[in-house]
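User: I'd like to go through the labels in this model one at a time and hear what backs each of them. Can you keep it casual?

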Amino acid sequence: MSKRIGVLTGGGDTPALNATLKGIALQCEEFGFELIGLMQGWAGVLKRGAYCHLVPEMIDENRGGTILQSSRTNLRASGQIGEAVENLKKLDIDALIPIGGDDTLSVGSELSNDFATTFVTKTIDNDVGGNAPEGNSVDYTRLVNYFCPGFPSAANLIAKYVNDIRTTAYSHNRIIFVEAMGRYAGWLTLASAYGHPDLILVPEIKYEPDNLAACIEKEYSRVGNLVVVVSEGITGEDGKLLTESEELDSFGHARPGGCSELIAQDMQERLPSISSSNFRHQVLAYMQRCGSPIPVDRDTAIRAGRLAVQAIKDDKVNYVATVMRTENGIETQLLHLEKVLARGDDGHIIRRSLDLRFYDAENFQISEAGIDYFRPIFGDLPESFYYPDLSIQYI
Ligand code: F6P
């Protein structure tokens, strides 16, 4: 039976969103389904919302961002779930595929009580899903949603910029604090390990300035320049973000950002033996989520999109097309929404934080288990580049 399927993209953009859309469009075409693209996330299902007819030829899976545009629209908070369901029915849509992170899914899961909905995840924060059971060793096949489409490409970008900035750090003996996105989850920050930073500070561990200053002093005297990656989500002793925006988005989140400047200043004050002009900071911001997807991300996102359409054909609603690591490599699998989203006692969605087995907190570095985690995305950790020993002499 032919169906009319709606699709939307919500939250921050990623390089793999168009790839997911391409997979959805291709599968719809193969099944003879019609595809309606709702513009600008959940805003597209409201009064005056905009939509278009989507066919595969319109979508370039190698181009980042989202052809449907996006927004952070919280229909739950505004009490507009009912209006959205009405409008979807008005458009004769049989089933909806929201592509999004935890916020988009939290709206979708409520809407799914009254409307057939199947999800595909996306987020550069990699915080939708579940970690492998606790224990000394990590069973990678038990990570629910091994990675969120969009994350591998962002991980690749942060590793590239961190690697690149070394040439400037070296040339000027700088200590550069590079700020990574990812909100409260350290996945993206940890991925910078593939660009060989000297120190990595993830948000799951509170800021300890004394410890950090001692480490910087030691490493700087040894190396002569440093690249320190800090997550935008770093919190202080009180558990509050070091820096955040005053205004909240429609999901009630303050925007993190700016802590690299604060940490650079703090370290400069604590380390007067190092020239103050050597402390710099660099906020990577959207440079981490723009541009084209890397092949593993693109291809997985296409498959996830196809799987969501297959689920709808099989009348499986409230499922998520997830990404899993199996004996055969990275595969897509359908899982029920409640198996993907962890919820707190009051029903709110708990984001997946970085599995701290992947982080060596003592040395501010990625652990062996962390390298194993990234292996399906990047392969082995590459050799880092060193300038040759110049055997410098003094006059
Ligand atoms: O949720 C994805 C994300 O990129 C976060 O890592 C970051 O804090 C936030 O979005 C930035 O959002 P905005 O698009 O509002 O600047």
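User: What makes the crossing of helix 1 and helix 8 right-handed?

Analyst: The crossing of helix 1 and helix 8 gets the label right-handed. A crossing is left-handed if the near helix is turned anticlockwise from the far one by less than a right angle, and right-handed if clockwise. One caveat up front: this is a predicted model, where local features need pLDDT of at least 70 and side-chain atom pairs count only at pLDDT 80 or more, while totals for chains, interfaces and linings use all residues. Residues are numbered from 1 along each chain as its sequence is written, and side-chain values use heavy atoms, with hydrogens and water left out.

User: Why are helix 1 and helix 8 called oblique to each other?

Analyst: The axes of helix 1 (residues 17–31) and helix 8 (residues 295–313) cross at roughly 40° and come within 7 Å. Angles under 35 degrees count as roughly parallel, over 145 as roughly antiparallel, 65 to 115 as roughly perpendicular and the rest as oblique. Helix 1 and helix 8 are therefore oblique. The axes are lines fitted to C-alpha atoms, for helices over the stretch in contact, and angles run from 0 to 180 degrees between N-to-C directions. Helices (H or I, at least four residues) and strands (E, at least two) are DSSP runs, numbered from the N terminus.

User: Which residues of helix 1 and helix 8 meet?

Analyst: Contact means heavy atoms within 4.5 Å. On the helix 1 side the residues include Ala-19, Gly-23, Gln-27 and Phe-31, and on the helix 8 side they include Arg-298, Ala-301, Gly-305 and Val-309. By class, this contact of helix 1 with helix 8 has eight nonpolar, five polar and four charged residues. Here Ala, Val, Leu, Ile, Met, Phe, Trp, Tyr, Cys and Pro count as nonpolar, Asp, Glu, Lys and Arg as charged, and the others, Gly among them, as polar.

User: And why do helix 2 and helix 3 count as roughly perpendicular?

Analyst: The axes of helix 2 (residues 81–90) and helix 3 cross at roughly 70° and come within 10 Å. Set against the angle ranges, helix 2 and helix 3 are therefore roughly perpendicular. Ile-81, Ala-84, Val-85 and Leu-88 in helix 2 meet Val-107, Glu-110 and Leu-111 in helix 3. That contact of helix 2 with helix 3 has six nonpolar, no polar and one charged residues.

User: What makes strand 7 and strand 11 edge strands?

Analyst: Strand 7 (199–201) and strand 11 (279–283) each pair on one side only. Two strands pair if DSSP finds at least two bridges between them. Strand 7 and strand 8 (residues 226–231) have three bridges, in the parallel sense, with Leu-201 opposite Val-230. The open sheet has four strands in the order 7-8-6-11, with parallel pairing.

User: Which helix lies across strand 6, strand 8 and strand 11?

Analyst: That's helix 7 (residues 259–270), running at about 170° to strand 11.

User: How do you know that Ala-264 in helix 7 is buried?

Analyst: Buried means under 20% relative accessible area, exposed over 50%, partly exposed in between (1.4 Å probe, protein chains only). Ala-264 has 4% relative accessibility, so it counts as buried. Not counting residues up to four places away in sequence, Ala-264 touches Phe-177, Phe-279, Arg-280 and His-281.

User: What is the order of the seven-strand open sheet, and which strands are its edges?

Analyst: The order is 3-2-1-4-5-12-13, with mixed pairing. The edges are strand 3 (51–53) and strand 13 (329–336), each pairing on one side only. Neighbouring strands of this sheet are turned by 25° against each other on average, direction ignored. Strand 1 (residues 4–9) runs parallel to strand 2 (residues 34–38), joined by four bridges, and Ile-5 stands opposite Leu-35. Helix 3 (residues 102–111) packs on the sheet, touching strand 1, strand 4 (95–100) and strand 5 (119–121).

User: What makes strand 1 mostly covered?

Analyst: Six of its six residues are buried. Arg-4, Gly-6 and Leu-8 are on one side of strand 1, with Ile-5, Val-7 and Thr-9 on the other, so to speak a covering of both faces.

User: Which residues of helix 10 are buried, and what do they pack against?

Analyst: In helix 10 (residues 368–378) the buried residues are Ala-369, Gly-370, Ile-371, Tyr-373, Phe-374 and Ile-377. They pack against helix 4 (151–171), helix 5 (187–191), helix 8, strand 12 (319–326) and strand 17 (365–366). Just after helix 10, Gly-379 takes a positive phi of about 80°.
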